[in-house]
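Subject: Structure for your review

Hello,

Please find the structure below, with the sequence. My notes on what turned up in it follow.

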Amino acid sequence: MAGTGPVRRTAAKAASEADARAAGDAKAAGESATNWGRSWDIGIWTVIGCYFMLAFCPFIVTYFWMACDSFQCSIVAPVEYVQAHGFEQLYHNHFPKPTVFGFQLYFGWLSFQAILYMLLPGKIGYGQTTPAGHTLEYVVNGLLAWFVTHALFIAGSLYFGLFDASIIADNWGALLIAANVYGYFLTFFSYFKAYAFPSHAEDRKISNSAVYNLFMGIEFNPRLGKYFDFKLFHNGRPGIIAWTLINFSFAAAQYNRIGYVTNSMLLLNWLHLVYVIDFFYNEDWYLRTIDIAHDHFGFYLAWGDTVWLPWMYTLQSHFLLRNPIDLSTPAFTAVFAIGMVGYYIFRTVNNQKDLVRSTDGKCLIWGKPAKVIRTEFATTDGKIHRSLLLTSGYWGISRHFNYVGDLLISLAMCLTCGTGYILPYFYIVYMSILLYQRIERDHMRCKGKYGDYWDQYCKEVPYKLIPYVF
Ligand code: NDP
């Protein structure tokens, strides 16, 4: 291990910053120690953006659902329909409608996942130390919950014939309404909980804008009881466990419709399966990613996990149901290769970070001793903590090379749909924007947390994503 840390921000300096903070002197405390959580000084455009997203995000998801459900996944056809027949006709004939069964199915599924989350055994994982100095425990049982859920779904539909495996695809519009109801309920519930009975009051961020607070969240790690963690549950269970189930159900619907499952649908199911199994196999690792370590719990995560994630991330399977295509062997091989190379990069980059952190830098990276910058940072309880930043291996190529892997996997998922339509490519465009925004947010967070150490890292590793490009 070769420590490269020429920058010294001493424990004494960090402690005096913490003291200054305790005394309420934000200026004396300085940016680096006080501001490493989410920002809370909000400008007017941010607030307008929050209003817009709170009001219009459900329409975006509904638009995509409708484009697929009624217009063969053409992105412009609903607009042309409005021009020809008016919005009212579109609403009456093509908007999703709530059904009692849709609500029963959705809330039954949600309750079942909550029961699995609370009752299944699992090892204890630990999150990152929060700005207020908490290190939370999590019961990591997602992989088991994934197996139980899928085994019951497959046995119930294919073996016992209790319901058709296409049940999710068949009720996709009604489920969308039910999920939206829950997503908004959860957003408002989390907002009021943050004031009425917060889980860790010192980790709350309350900005000068109520709308921003609603959108980005106030509580950092809201919980019910000791272990029901809102973030981990909603991202993992109604969010990510659902992906493979949804894809499977759309594959079954395709089978019902055309008598077989296309190779493109099989490939899409495979790519998602690899990603999802990886996520749960490494659920412990997920506790230290930005979702858990940085974002507060508001509409962005509450509605995002319950509506955006299951509907928009599986758009390709909806597309392939409406437009079944078989890829040629070269196209299939190329898409498979892009996806698997992406997965390899994604996993190995993330593993390097985990390895260097878990061995305190005493490990080999690409056959050589890891190069690290040893850092210190302070939490608002005045304690000084130590950490390290890897500067060799992938983390020496660029500061977010793991995102390159993610983007390749996302591209492969879009390519399973061929090149005839724009709509399936929404996903790669969205992921590019999301990850770009994450790079910027993470930079601000790390600069705030590590101060000069972070500047040193940026100097040693100047590129954010792709060397010599960005
Ligand atoms: P990272 O895994 O890159 O985590 C960033 C954090 O890692 C930083 O805040 C910092 O946290 C720490 N860190 C930064 N640089 C170094 C370094 N050189 N050495 C050691 N630690 C460092 O980001 P994400 O959490 O966003 O992503 C995790 C994975 O999830 C990625 O592979 C990403 O592609 C994927 N992802 C997928 C999404 C999807 O929707 N499919 C969405 C977002 C992410 P600290 O020092 O505080 O520990």
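The first thing to flag is the N-terminal stretch of this predicted model: across residues 1-34 the pLDDT stays under 50. The model nevertheless has 64 contacts beyond four places in sequence for those residues. Where pLDDT is low, the predicted coordinates should not be read in detail. Helix H2 (residues 26-34) has the lowest confidence in the chain, with a mean of 37. At the other end of the scale is helix H8 (residues 167-170), at 98. For the chain as a whole, the average pLDDT is 90, and 91% of the residues score at least 70.

Salt bridges

There are 16 salt bridges in the whole structure. Three of the pairs, and one network, are described here.

Asp69 and Arg322 form a salt bridge through their side chains, with an N to O distance of 3.0 Å. Asp69 is in helix H3 (residues 44-71) and Arg322 in helix H16 (residues 315-322), so the pair ties together parts of the chain 253 residues apart in sequence. Arg322 is buried, its relative accessible area being 15%, whereas Asp69, at 31% relative accessibility, is partly exposed.

Asp278 and Arg347 form another salt bridge, with 2.7 Å between the closest N and O atoms. This pair links helix H12 (residues 263-281), which holds Asp278, to helix H17 (residues 329-358), which holds Arg347; the two residues are 69 apart in sequence. Both Asp278 and Arg347 are buried.

Lys464 pairs with Glu440 in a salt bridge, the closest N and O atoms lying 3.0 Å apart. Lys464 sits in the segment after helix H21 (452-460) and Glu440 in helix H20 (residues 426-450), a separation of 24 residues. Glu440 has a relative accessibility of 24% and therefore counts as partly exposed.

The network consists of Lys123, Asp284, Arg288 and Asp354, which are joined by salt bridges that share partners.

The ligand

Which residues come closest to the ligand? They are Gln128, Ile290, Asp406, Asp442 and Tyr450, out of 28 residues that surround it.

Polar contacts to the ligand include the following:

- Tyr313: a side-chain N or O atom is 2.9 Å from an oxygen atom of the ligand.
- Leu390: a backbone N or O atom is 2.9 Å from a nitrogen atom of the ligand.
- Asn402: a side-chain N or O atom is 3.0 Å from an oxygen atom of the ligand.

Taken alone, the ligand exposes 920 Å², of which the protein buries 95%. Two or more residues of the surrounding shell come from each of H17, strand S9 (384-390), helix H19 (401-415) and H20. The most come from H20, which gives nine residues. Two of the elements in this shell also appear in the salt bridges above: H17 holds Arg347, and H20 holds Glu440.

Helix H21

H21 has several buried residues, namely Tyr453, Trp454, Gln456, Tyr457 and Cys458. What do the buried residues of H21 pack against? Their partners are strand S8 (371-378), S9, helix H18 (394-397) and H20. S9 and H20 thus recur, since both also give two or more residues to the shell around the ligand.

Regards

Terms used
Residues numbered from 1 in each chain as written. Predicted model: local features only at pLDDT ≥ 70, side-chain atom pairs only at ≥ 80, totals over all residues. Heavy atoms only, no water. pLDDT = per-residue confidence, 0-100. Helix = DSSP H or I, 4+ residues; strand = E, 2+ residues; numbered from the N terminus. Contact = heavy atoms within 4.5 Å. Salt bridge = Lys/Arg side-chain N within 4 Å of Asp/Glu carboxyl O. Buried < 20%, exposed > 50% of the residue type's maximum accessible area, 1.4 Å probe, protein only. Near = heavy atom within 4 Å. Polar contact = N/O pair within 3.5 Å; in protein donor to acceptor, adjacent residues only side chain to side chain. Areas by Shrake-Rupley, 256 points an atom, 1.4 Å probe, with all protein chains shown as cover.
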